Amino acid sequence: MAHSKKSSSRVQRMPKPLYEKELERLQIELVSMQQWVIDTGARVVVIFEGRDAAGKGGAIKRIMQYLNPRSARVIALPTPSEREKGQWYFQRYIERLPTTGEIVLMDRSWYNRAGVERVMDYCTPEQYRRFLHQVPTFERMLVEDGIILIKYWFSVSDDIQEERFHSRLNDPMRRWKLSDTDVVSITKWEDYSRAKDAMFEATDHADAPWWTIESDDKRASRINTISHLLSQIPYESRDPDEVTIPPRPVADDYDRPEKGRYKYVPDHAGAVAKS
C-alpha cells in the first residue's frame, strides 16, 4: 500500500455546529440502543483498530459519553504479563468478553499480533502465522454463540498522523498518548501498511468483516462510526421507564449541624474567579 499524501490544509472538516447537532442525535440513539441490549440480554463487542493517532480514542469517548457504565465498558489492555505470555494468545481477551446485556468496546484487541507485534518483531513468525490461521475460527465461534462482533479500522494519511503526533508532543494533557512505539510508526509506515493488508486478507470474513473509516476529519469519522455502529445492531427504540418525582415534604424540626464541625474542600474556583 503506497503512502497516502494529503495536505492537512485541504482536509474539509465537517462544520462544528452541524457536527454537534448530529452527534447529540446519535448519542441519544446510542442510549436507546443500550437499553435494548440490556432488556434483550444481547452481547456486543466492537473492535477499534487502526494507525496510531487515527482517532480511535476520540470515537470511543463519544460513544461512551452518555452510556450507562454498569453495562458498557472500554477494554484497553497493557503489555501482557509474564503469566499471560504463557497463555493461549486469545485467553486474556476471552476473560473480558461481555455477558448478557453488556457492550464492550476494545481500544485495540487481539489484532495487536497482526499489527505492532508483527512489525516490531514482538512475536515469532510462527506465532504470527498461527494467529492468522486461528482468528477467523475464533471469531466465528463468538458469532455463532450469539455475540454481535463489529470490527473497525481507522485509516489516516501519513501527514495528518505526523501532525497529530506533534500536537500531542506539545500538549501536557495528551503527551501520555505518544510513546516510542508510536513515533517509530512514522519510519515504518510501509511495514504497517503491508501488515494491515495481510491482516485484512486473512481475517476479513463474512461473519466478522472489517469496516474502514477514513479519519483525516475527526468530526466526520466520529459521526460515521456511531451511525454505522447503530446500523449494525438490530435494536428497537426503547423509551426509559417513567419516573415520577414526588413533591418534597415540608421540613420538620431537623437542625443542621454547624458547618465548622466538618471539613470542606477549599473554594479554589472562587479564588480563581477573584484573581
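Which residues of α10 are buried? In this predicted model, the buried residues of α10 are R219, A220, S221, R222, I223, T225, I226, H228, L229 and L230. The helix is therefore mostly covered, with ten of its 14 residues counted as buried, and what covers these buried residues includes α1 (16–40), β1 (43–50), α2 (56–64), β4 (148–155) and β5 (210–214).

The length of α10, which runs over residues 218–231, can be checked against expectation, because at 1.5 Å a residue its 14 residues should span 20 Å, and the C-alpha atoms at its two ends are indeed 20 Å apart. At the start of α10, a side-chain oxygen of D217 comes to within 3.1 Å of the backbone nitrogen of R219.

**The nonpolar cores**

In soluble globular proteins, nonpolar side chains tend to be buried together. The largest nonpolar core here has 35 residues, and of these F48 and I233 touch the most other members. The elements that give two or more residues to this core are α1, β1, α2, β3 (102–107), β4 and α10, and the largest share, seven residues, comes from α1.

Where F48 is concerned, and leaving aside its neighbours within four places in sequence, the residues in contact with it are K56, A59, I60, I63, L105, M106, D107, R108, Y152, F154 and T225. One of these contacts of F48, T225, is also among the buried residues of α10. Apart from the largest core lies another core, of 26 residues, which includes L132, F138, M199 and A208.

**Two residues with positive phi**

A53 has a positive phi although it is not a glycine, and D121 likewise has a positive phi without being a glycine. The table sets out the values and the place of each residue.

| Residue | Phi | Place | Relative accessibility |
|---|---|---|---|
| A53 | about 65° | loop between β1 and α2 | 6%, buried |
| D121 | about 60° | loop between α5 (116–119) and α6 (125–144) | 62%, exposed |

Is A53 buried or exposed? With a relative accessible area of 6%, A53 is buried, because buried means under 20%. D121, at 62% relative accessibility, counts as exposed, because the cut-off for that word is over 50%. A53 lies in the loop between β1 and α2, and both β1 and α2 are among the elements that cover the buried residues of α10, whereas D121 is placed in the loop between α5 and α6.

How values were computed: Residues numbered from 1 in each chain as written. Predicted model: local features only at pLDDT ≥ 70, side-chain atom pairs only at ≥ 80, totals over all residues. Heavy atoms only, no water. Helix = DSSP H or I, 4+ residues; strand = E, 2+ residues; numbered from the N terminus. Expected span 1.5 Å × (residues − 1). Buried < 20%, exposed > 50% of the residue type's maximum accessible area, 1.4 Å probe, protein only. Contact = heavy atoms within 4.5 Å. Polar contact = N/O pair within 3.5 Å; in protein donor to acceptor, adjacent residues only side chain to side chain. Core = buried A, V, L, I, M, F, W, Y, C linked by side-chain atoms within 4.5 Å.
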